[in-house]
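Here is a protein structure to explore at your own pace. Have a look at the chain first, and then follow the tour below.

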Amino acid sequence: MVPKIRRGSRTHGVLVYLFGPGKRDEHTDPHLVGSWDGFAPDPGRDTSPDPDPKATLARLAAALDLRVTQAGASAPAQHVWHCSVRTDPGDRILSDAEWNTVARRLVQAIGLAPDGDPDGCRWVAVRHAEDHIHIVATMVRGDLRRPRMNYDFKKAQAECRRIEKEMGLRRLKPGDGTAAKNPTSAERFKAERTGRTETPRETLREAVRQALAGAATEEEFFTRLRDKGVRVKLRDAPSGDVIGYSVALPGDRNRDGEPVWFPGSTLAPDLSLPKIRRRLADAPGDDPATPGAGTGRTVWSPPARGRRTATGIAERAAVILDSDDDGAAAQLTGMGELLDAVAQTSPAATRAELAAAARSFERATRSHTRAQQAETRALRSAARGIIHAGGALGRGEDGGTTAMLLSTLVLAAIAAARWHSARGHAQQAEASRQTVQHLRAAYRQAAAAPMQALHAQGRALPEAERRSHESTIRKALPHHLTHADTDTQHDALAATLAEAEQAGHDPKTLLQRAIDMRELDSAEDVNDVLVWRLRRLADLPAHPGDTAPSRKTGTARTAPPAPRTGVHSAPPAARDPRNRPPRR
């Protein structure tokens, strides 16, 4: 149940709209379902012998305005309080009597008409659709004083949460005032009329977020926006300094033919120019590095290298969020930029889910817990690296490293949901959980080909070698994370351990290191998580069998095939193809 509050100065004008046909003839059977005394004239159900709806509506407006007229100059200029209350699309249809109860409880909760107060403000509740009502009240009491209306929106929200519980309706998450502004009804109608799938406000919000992802300077941010085709208008102070900006979509004009401009602060609270400048103050580096990212040891393609780097940084962000420290709020801002960067550069197969993940997580990036912007530098650098590397292919090493990064981002989003839940941030926690679902869907698409190849590679291992790695896995993993009913579930993990051993790593030590990085209980598939951790730590190709650069020269090489002899047939160095004599 969603309340939306407005204020105005024309009681008669509001009533004309509510009892009229609507902007698109969407109003059906408008009538009163409640009023301050239960006897207000009803233009929609006038039972007099010679009904005149216009005259009845004029009498209703005059009755509502009676105290305003009596108060004269002491009445507030904006004396009309207008609140629409809408149920969720999945809720049952409420009866008129139930809507009357809802209206009475709301005007009591916010202090307009306290229960038992004969001097409460006058109000009516109008219903012209199955799923919502409009409450119209005049803000002058019977004793000609103004009602105490402090925090009316928060009080209305709290009362709606109680009503939802008592009436068996869908219980929405309480907000904290940090959400982005929703499109207005007029914006939605205009979008439908012009054939847009979303409103300009939503399109511009996403464009601004994506332009900000990993940007190092204000000039770069505005250049990216213009490159996306967005119109940008800067606001200058008398001194000539830029103090604000507005954006508009080409072709989006008002009735006078002028562009419809949206200041950044109206798109989202954290998109005002001062807050963007605060984020840009600690500029990201151009070449972030993390252990196991391929830097200094293996030269990967730019998109693959960027994703490997981002994976390690996202892993550390998840660990910080798990620490339950308020300072971890900065990681949420950085994760939002990283998701925006990945969504922009992802292959077509995963683009829709990743864009949905970024849009969902946008709500999780803001709360009243203050973030230290300096803590976002690593994540912003990772986002910058991904943007600069350009679009990734959906196959080969690019596709494999995309799966590697998404596997980690899933766990980071789960950590974000826990962090928000611990602080009572219900909307942000729910947004994080929605992000997890979108990321998992994208991961399944990205991981299908590389994991299939790894499973085949694991099944092709010699029996003795496969049994040896299986034993290592079962001994290292906690008992509740293993299943004794199958030996094939660890095929991909065994293949990865075999590759790591060929590359000179000790399988037991490397596996334990991967397990100890952070908890695995939240993982949907523990084997997948460990496969990607191992391949990053050991600097192995993310897609087995794909060409990967040589560690020594940077030239292309092919990932070494699994050995066909027993696991102890030769030491790792002897089995490494690079140590074999060249063929003659």
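## A threonine inside a helix

Let's start with Thr401, which lies in helix α15. The model you are looking at is predicted. Is Thr401 buried or exposed? With a relative accessible area of 0%, Thr401 is buried, because buried means under 20%.

Which residues touch Thr401, once its neighbours within four places in sequence are set aside? They are Ala304, Arg307, Arg308 and Ala542.

## The chain as a whole

Now take a step back. The protein chain has 584 residues, and 53% of them count as buried. Its secondary structure comes to 21 helices and 10 strands.

Contacts also tell us how the chain folds back on itself. Of the contacts in the chain with a separation of 6 or more, 71% are between residues 24 or more positions apart. For one pair that you can find yourself, try Leu66 and Val140: they are 74 residues apart along the chain, and their C-alpha atoms are separated by 9.0 Å. Leu66 lies in helix α3, residues 66–71, and it counts as partly exposed at 31% relative accessibility.

## Nonpolar cores

The largest nonpolar core has 74 residues. Leu338, Leu439, Leu530 and Trp532 are the ones with the most contacts inside it. Helix α15, residues 396–422, gives the most to this core, with 13 residues. Apart from this core lies another, of 27 residues, including Trp81, Ile133, Met149 and Ala156.

Trp532 deserves a closer look. Leaving aside its neighbours within four places in sequence, Trp532 is in contact with Gly400, Ala403, Met404 and Ser407. Its other contacts counted this way are Tyr443, Ala447, Pro450, Met451 and Ala542. You may remember Ala542, which is also in contact with Thr401.

## Helix α4 and its surroundings

Helix α4 is a nice place to check some helix arithmetic. This helix has 14 residues, 96–109. At 1.5 Å a residue, α4 should span 20 Å, and its end C-alpha atoms are 20 Å apart, so the expected and computed values agree.

Which residues of α4 are buried? They are Trp99, Val102, Ala103, Arg105, Leu106 and Val107. Here is a useful piece of background: an α-helix has 3.6 residues a turn, so residues three or four places apart point the same way. The cover over the buried residues of α4 includes the strands β2 (31–35), β3 (80–86), β4 (123–127) and β5 (132–138), together with helix α5 (152–167). After α4 comes Gly111, whose phi is positive, near 95°.

## Two cavities

Next, look for empty space inside the model. Rolling a probe the size of a water molecule over the atoms shows where such space is left. The count comes to 2 cavities of 30 Å³ or more.

The largest cavity has a volume of about 130 Å³. It is lined by 15 residues, and the closest to its centre are Arg209, Asp270, Arg279, Asp340 and Thr365. By class, the lining divides into 5 nonpolar, 3 polar and 7 charged residues. Helices α7 (200–212), α12 (329–345) and α13 (348–362) each supply at least two residues of this lining, and the largest share, 4 residues, comes from α12.

The second largest cavity has a volume of about 50 Å³. Among the residues that line it are Met404, Ser407 and Trp532, and Trp532 is in contact with both Met404 and Ser407. Helices α11 (302–322), α15 and α20 (526–537) each supply at least two residues of the lining. This lining has 4 nonpolar, 3 polar and 3 charged residues.

## Two unusual backbone angles

Let's finish with the backbone. Most residues other than glycine have a negative phi. Where is Leu144 found? Leu144 is in the loop between β5 and α5, and its phi is near 65°, a positive value in a residue other than glycine. With a relative accessible area of 37%, Leu144 is partly exposed.

Tyr151 also lies in the loop between β5 and α5. Although Tyr151 is not a glycine, it has a positive phi of about 55°. Tyr151 counts as exposed, because its relative accessibility is 61% and exposed means over 50%.

How values were computed
Residues are numbered from 1 along each chain as its sequence is written. This is a predicted model: local features need pLDDT of at least 70, side-chain atom pairs count only at pLDDT 80 or more; totals for chains, interfaces and linings use all residues. Side-chain values use heavy atoms; hydrogens and water are left out. A nonpolar core is a set of buried Ala, Val, Leu, Ile, Met, Phe, Trp, Tyr and Cys residues joined through side-chain atoms within 4.5 Å. Buried means under 20% relative accessible area, exposed over 50%, partly exposed in between (1.4 Å probe, protein chains only). Contact means heavy atoms within 4.5 Å. The expected span of a helix is 1.5 Å times one less than its number of residues. On a 1 Å grid over the protein atoms alone, a cavity is a set of points where a 1.4 Å probe fits but cannot get out, and a pocket is an open set with protein on both sides within 12 Å along at least five of seven lines; lining residues have an atom within 4 Å of a point. Grid points are joined across faces, edges and corners, and a volume is the space filled by probe spheres set on the points. Ala, Val, Leu, Ile, Met, Phe, Trp, Tyr, Cys and Pro count as nonpolar, Asp, Glu, Lys and Arg as charged, and the others, Gly among them, as polar.
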